[in-house]
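User: Please go through this model with me, in short questions and answers.

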Amino acid sequence: MEAILLKKEKKLLKNGKSKSKKILDEVFDFADQHPQDPMALSASLLVVAKTIYLDILGPEQTSEMFYAFAQDLENHEYKKATIH
């Protein structure tokens with residue numbers, strides 16, 4: 001499912017349209033179609049965040065943002081949850 005969004009993202013980027021808005025619309029449509037699949041939605045949101053950061057910040061700062069996010073996860077206490 002993430003691969004489908006990545007293909008759509010690339011197509012939108014090539015078309016030069018309002019990239020972030022179009023991608024956000026795709027993610028919200030996807031979320032509406034798959035309300036019981038939170039992992040797929042989370043992956044979709046990461047794609048959107050990456051695209052927006054790249055558009056606004058560029059590749060170097062985007063990399064730094066994702067690195068900071070990953071580092072923050074190391075300091076977080078996790079509780080195992082069952083998804084039904």
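User: Which residue just after α3 takes a positive phi?
Analyst: This is a predicted model, in which local features need pLDDT of at least 70, side-chain atom pairs count only at pLDDT 80 or more, and totals for chains, interfaces and linings use all residues. Residues are numbered from 1 along each chain as its sequence is written, and side-chain values use heavy atoms, with hydrogens and water left out. Helices are DSSP runs of H or I, at least four residues, numbered from the N terminus. The phi is about 90° just after α3, and the residue is G58.

User: What arc do the buried residues of α3 cover around the axis?
Analyst: Buried means under 20% relative accessible area, exposed over 50% and partly exposed in between (1.4 Å probe, protein chains only). The buried residues of α3 are A40, A43, S44, V47, V48 and T51. They lie on the same side of α3, because the arc, taken from the directions from the helix axis to the C-beta atoms, is only 140°.

User: Which residues are exposed on the other side of α3?
Analyst: An α-helix has 3.6 residues a turn, so residues three or four places apart point the same way. On the side of α3 opposite the buried residues, the exposed ones are M39 and I56.

User: How is the pair of Y53 and F66 classed?
Analyst: Rings of Phe, Tyr and Trp (its six-membered ring) pair if their centres lie within 6.5 Å; planes under 30 degrees apart count as stacked, over 60 as edge-to-face and the rest as tilted. The count comes to one aromatic pair. The ring centres of Y53 and F66 are 5.9 Å apart and the planes stand at 70°, so the class is edge-to-face.

Methods:
Helices (H or I, at least four residues) and strands (E, at least two) are DSSP runs, numbered from the N terminus.
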